[in-house]
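The exercises below ask you to read a structure step by step. Try each task before you turn to its solution.

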Amino acid sequence: MVSRNAASDDFRKQVLGYGLTTAQILYRMPDHPSLLQTYVWQNYDLFPKFPALKDFLDFWQQKLDGPLFAVTVAHSKLIKPAELRAVDGVFRLH
C-alpha cells in the first residue's frame, strides 16, 4: 500500500522552485591561519537569494572557529521546462 504522501521533501522543494545548490567554502585553519581548508556544502535552495546557504554561513561565522576565506556557489534547477523543437517532415523507411 502506497501512502498519499509518497513524494519526498526534496521533490516537493523542486516543484516549488528550489534548485540544487553547491557551495565550495574555503576557510582558514584555526591553529594554522596561513593554511586553507575546503568544505563542500550541498542543499536545495532558492536562487538568487540563497536563504539556506546564508543561514549556514551565518551559523559558521557564529559557532565555528575557522574564518571564511572564499565561497564559490553553483546552482541548477533540476526541474525545467521541456525543450521542444518543431519537426519539418516525416521520413518513412520501407
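What follows is a set of exercises, each with a worked solution.

This is a predicted model, in which local features need pLDDT of at least 70 and side-chain atom pairs count only at pLDDT 80 or more, while totals for chains, interfaces and linings use all residues. Residues are numbered from 1 along each chain as its sequence is written, and side-chain values use heavy atoms, with hydrogens and water left out.

**Exercise 1. The overall layout**

Find how many helices and strands the protein chain has, and state in which order the elements run.

Solution. Begin with the elements, which are DSSP runs numbered from the N terminus (helices are H or I with at least four residues, strands are E with at least two). The protein chain holds two helices and three strands, and, read from the N terminus on, their order is α-β-β-α-β. Next, turn to burial, where buried means under 20% relative accessible area, exposed over 50%, and partly exposed in between (1.4 Å probe, protein chains only). Of the 94 residues of the protein chain, 17% count as buried. Finally, consider contacts, meaning heavy atoms within 4.5 Å: among those in the protein chain between residues at least 6 apart in sequence, 57% join residues at least 24 apart.

**Exercise 2. The salt bridge**

Locate the one salt bridge that a search of the whole structure finds, and describe the setting of its two residues.

Solution. A salt bridge is a side-chain nitrogen of Lys or Arg within 4 Å of a carboxyl oxygen of Asp or Glu. Here the partners are Arg 12 and Asp 9, whose closest N and O atoms are 2.8 Å apart. Both residues belong to helix H1 (residues 9-15), where they are three residues apart, about one turn of the helix. Asp 9 counts as exposed because its relative accessibility is 52%, whereas Arg 12, at 34%, counts as partly exposed. As a general point, side chains of opposite charge can pair when their charged atoms come close.

**Exercise 3. The nonpolar core**

List the residues of the largest nonpolar core, and decide which element gives the most to this core.

Solution. A nonpolar core is a set of buried Ala, Val, Leu, Ile, Met, Phe, Trp, Tyr and Cys residues joined through side-chain atoms within 4.5 Å. The largest one has nine residues in all: Ala 23, Ile 25, Tyr 27, Trp 41, Phe 50, Leu 53, Phe 56, Leu 57 and Trp 60. Strand E1 (19-28) and helix H2 (51-63) are the elements that give two or more residues to this core, and H2 gives the most, with four. Two members show how the core is connected. Leaving aside neighbours within four places in sequence, Ile 25 has among its contacts Trp 41, Phe 56, Leu 57 and Trp 60. Under the same condition, Leu 53 is in contact with Ala 23, Trp 41, Asp 45 and Val 73, and the C-alpha atoms of Leu 53 and Ala 23 are separated by 8.1 Å although the two are 30 residues apart along the chain. Leu 53 is buried, because its relative accessible area is 4%.

**Exercise 4. The two sides of helix H2**

Work out which residues of H2 are buried, and what covers them.

Solution. The buried residues of H2 are Leu 53, Phe 56, Leu 57 and Trp 60. They cover an arc of only 95 degrees around the axis (the arc of the directions from the helix axis to the C-beta atoms), which puts them on the same side of H2. What covers these buried residues includes E1, E2 and strand E3 (68-76). The face turned away from the buried side carries the exposed residues Asp 55, Gln 62 and Lys 63.

**Exercise 5. The loop between E2 and H2**

Identify the backbone features at Pro 48 and Phe 50.

Solution. Pro 48 is found in the loop between E2 and H2, and the peptide bond leading to Pro 48 from Phe 47 is cis, with omega near 5 degrees. Phe 50 lies in that loop too, and its phi is near 50 degrees, a positive value in a residue other than glycine. For background, most residues other than glycine have a negative phi, and most peptide bonds are trans. As for burial, Pro 48 counts as exposed at 57% relative accessibility, whereas Phe 50 is buried, with a relative accessible area of 14%.
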